[in-house]
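Visitor: I'd like a close look at one small part of this model, and then a walk outward from there. Could you take me through it?

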Amino acid sequence: LEHLRSTPVDVLLVDLHMPGMNGFEVLAAIRRDHILSKHTPIIAMTGDNSDDAVAAMRDAGFSAIETKPLDPGRLLTTIMRELSLAAQADPARAMSG
C-alpha cells in the first residue's frame, strides 16, 4: 500500500489469495485510505466463481471480477470498461491520464 501512495495506478488487479494480505483486505485498506483514490478500479482475480464467492466480491465492493484461467481479451475489455467508468466518476482522472 505504501507503494500505491507514491506511485498512483489507473487500475489494480488483485488476486484474492495472496500471502500476507488477501484481496478483500487489500480492497478494504485502499478504500479506507484518504490518500488513495476512491475511484481507482480494483478488479478481483479468482479461481472461485461460485455464486457465494461472486456475491461476496460484489458486496465487498470490487469494481469487477475476473475468473481464472484469465482470458486476455476479456481481461482487456474489463480493464477498458472500468477505466472508462472511473473517468466518468472522476473527470480529473481522465484529464491527468
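Visitor: Which residues does Val11 touch, not counting residues up to four places away in sequence?

Guide: Bear in mind that this is a predicted model. With neighbours up to four places away in sequence left out, Val11 touches Thr40, Pro41, Ile43, Ile79 and Leu83. Take Ile43 from that list: Val11 and Ile43 are 32 residues apart in sequence, yet their C-alpha atoms are 7.7 Å apart in space. As for where you are in the fold, Val11 lies in the loop between α1 (2-6) and β1 (12-15). Is Val11 buried or partly exposed? Its relative accessibility is 21%, and buried means under 20%, so Val11 counts as partly exposed.

Step along into β1 and you get to Asp15, which sits in that strand. Asp15 forms a salt bridge with Lys68, and the closest N and O atoms are 2.4 Å apart. Lys68 belongs to the loop between β3 (64-67) and α4 (72-89), so this pair ties together parts that are 53 residues apart in sequence. The two ends differ in how they're covered: Asp15 counts as buried at 17% relative accessibility, while Lys68 is partly exposed at 39%.

How many salt bridges are there? The count comes to 3. Another one joins Glu66 and Arg74, with the closest N and O atoms 2.7 Å apart. Glu66 is buried, with a relative accessible area of just 2%, whereas Arg74 is partly exposed at 35%. Then there's Arg81 with Glu82, where the closest N and O atoms are 3.2 Å apart. Here Arg81 counts as partly exposed at 41% relative accessibility, and Glu82 is buried at 7%.

Now for the rings. Searching the whole structure turns up 1 aromatic pair. It's Phe24 with Phe62: the ring centres are 5.6 Å apart and the planes sit at 75°, so the pair is edge-to-face, given that angles over 60 degrees get that label. This pair also links distant parts of the chain, since Phe24 is in helix α2 (residues 23-32) and Phe62 is in the loop between α3 (51-60) and β3, 38 residues apart. On accessibility, Phe24 counts as partly exposed at 32%, but Phe62 counts as buried at 7%.

How values were computed:
Residues are numbered from 1 along each chain as its sequence is written. This is a predicted model: local features need pLDDT of at least 70, side-chain atom pairs count only at pLDDT 80 or more; totals for chains, interfaces and linings use all residues. Side-chain values use heavy atoms; hydrogens and water are left out. Helices (H or I, at least four residues) and strands (E, at least two) are DSSP runs, numbered from the N terminus. Buried means under 20% relative accessible area, exposed over 50%, partly exposed in between (1.4 Å probe, protein chains only). Contact means heavy atoms within 4.5 Å. A salt bridge is a side-chain nitrogen of Lys or Arg within 4 Å of a carboxyl oxygen of Asp or Glu. Rings of Phe, Tyr and Trp (its six-membered ring) pair if their centres lie within 6.5 Å; planes under 30 degrees apart count as stacked, over 60 as edge-to-face and the rest as tilted.
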